[in-house]
Amino acid sequence: MLKKMIYPTRKALLSKIFFPILFAQCVLFNYGLEAKVNCKKILEAKKEIIEKLGAFLPSSIEGWKASEEDNLYDPETIFSYIDGAGEVYRSYNFRWLLVRRYEKENFPPIIVDFFDMGRSENAFGVFTHDLEGDRVPIGQDGLYKGGWLAFWKGRFYVSIYSEAETETTKKIILALGEKIAKAIPEEGQRPHILDYLPSNWEKSQARYFRTLPILNYHFFVSTENWLELDETTQALLAHRLAENKRKTYLLLIEYPDEARAQRAIKKFLDNYLPEAKESGTARTENGLWEGARVYQNIGLLVFAASSSEEIEEIFKDVLIKIKEKKNQRS
Amino acid sequence: MREQKGISRRDFLRFALMTPFALNYSPWLSPVQTDQTRSKVVLIRHPDVVDDRRKVKPQIFREMLDEALKVLLEAPNADEAWKKIIKPEDVVGIKSNVWSYLPTGREVEEVIKDRVLSCGVSEERIGVDDRGVLRNKIFRQATALINVRPIRTHYWSGIGGCLKNLITFAPDPSAYHPDTCADLALLWNNPLIKGKVRLNILLMLTPLFHGVGPHHFNEKYVWPYKGILLSQDPVAVDSIGVLILQAKRREFFGEERPLQPPAHHIIYAETRHRLGIANPQRIDLIKLGWSEGSLI
């Protein structure tokens, strides 16, 4: 017995030591092989995406040459490139970001960030996130400000940036933008919620988004998501100037269905504007008026209006637009 | 039905009745605050600390740092002040920032390292790092940290200051992104950090007060403030930094232009996490040196 414990039998050797080791080796070998194959597949897929997206960008322009290999980022890896700013692009469901750097001796580099946003609404939305700058006729909407050009076309959002602005870099940035915009063959649709904005609201300054952090980024409402904003909703925030540079804000939210719109607006009123009761409007601490209402699957909210009558007027204007557009569509 | 409340615009509006700064800065909404009652921050400025190309002059920077630390710690001289926070047996990590457009910079790092050496710490026990801190043996073994970075507006957290500078200690930094980085102060519970930060140096040499686009940098929005903020309280130092940035934005744009998004992680660092003092009314700000255009 003792001998058996110290010197295992051939059968025990095979069953308890040799076969398990062999099995483990096979698993590891296969796993390694599978990992290698997967890794190769990923690299090939990545290469294919780089080639596909890179085809929209010229390899050189007026002596500026693409200086190194293009870099590709996805929603997981974007933070290694642009830190927390990546959250904005993630909020708009970006798929891929291709980065190409152009260089020319004695000039600051020019960086093209080429975002595949998956859908044109998302490309438009992320464009509306930064609306500072002068409008330029590049892409479907373009803005230029101090060495930075941004535009969107189709499902793509493009940012072209130089650390220091000179007359030359400005010229190159705009030329590069035009070239890239032309290379994108198709235009994309703007979100239809834009059509619900009455004409006395500045459309070109409206922000389109889906999530609460982006709403709060532009106009802080609450840390609580009473309005139930998420990937399934579409929202538009617009403003217009009132007296003394004061701004009145209009927020439109399209929900997937009417029941959800009713629930979210009720939750908002109960928590944010409990004084509103049945009317849906109330005067807040700063003497201005705020209110919310639901029409079918759309939530309408007004902030910082001068009176409840003004809010009613705004609601009326929006409802006319909604009905008009919905009729056109049907 | 009313639900558990976070912070809403109504809270801001209510607070605006009490102070004209509410909408520019932030409300002190929660009764829960740190056990500390006050914090001390020193601001020191010198007209020649940076040249026209934003390059730091090490000798002047060193004199400013020494003077500010002496006053902050109420020490008889700078050497004594440094010895109050760094002991010869310490392993010291100097947590820098390498953001390419506005880094802490080698000159600043060298001055601080030299001061740590002067406290009797041997060179092999001093490390300077940013993105590699988790792999850096010195930072893993550090008994003391010096937290130094330039202030700047930030695309997602409102500002990048001393509170945020330790984000590279987090294995997954994006875990701190919800609600535009509201709970960054939680970082300071990390065992590699907790209780080890002896000094926070918020560089106000050439701050960035505004930014657009994914890269959030433009020379146009950098100005030579030529100052340093120093405190042992990371919340207080960031809070004063925000007031200066806000003042610059007001001056530059000619109107109120609140930070976007608001840097509420600083408020929460006091009200939720009790890490330090954010309320400017409870911060003793000591101003030294050049005063022209100090904005505060």
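Two residues count as being in contact if their C-beta atoms, placed from the backbone, lie within 7 Å. This is a predicted model, where local features need pLDDT of at least 70, side-chain atom pairs count only at pLDDT 80 or more, and totals for chains, interfaces and linings use all residues. Residues are numbered from 1 along each chain as its sequence is written, with chains lettered from A and ligands numbered from 1 in the order in which they are written.

**View 1. Where chain A meets chain B.** Chain A brings 34 residues to the contact, and chain B brings 37. Elements giving two or more residues to chain A's side include strand E8 (148-153) and helix H8 (258-272) of chain A. (Helices, H or I with at least four residues, and strands, E with at least two, are DSSP runs numbered from the N terminus.)

**View 2. Helix H4 (residues 106-117) of chain B, up close.** Its 12 residues should span 16 Å at 1.5 Å a residue (1.5 Å times one less than the number of residues), and the end C-alpha atoms are indeed 16 Å apart. So which residues of H4(B) are buried? They are B:Val108, B:Val111, B:Ile112, B:Arg115 and B:Val116 (buried means 20 or more other C-beta atoms within 10 Å of a residue's own, exposed means 12 or fewer, and partly exposed is in between, with C-beta atoms placed from the backbone). These residues cover an arc of only 135 degrees around the axis, which puts them on the same side of H4(B) (the arc is that of the directions from the helix axis to the C-beta atoms). Over on the other side, B:Arg106 and B:Asp114 are exposed.

**View 3. What H4(B) leans on.** Its buried residues pack against several elements of chain B, among them helix H2 (58-73) and strand E6 (197-208).
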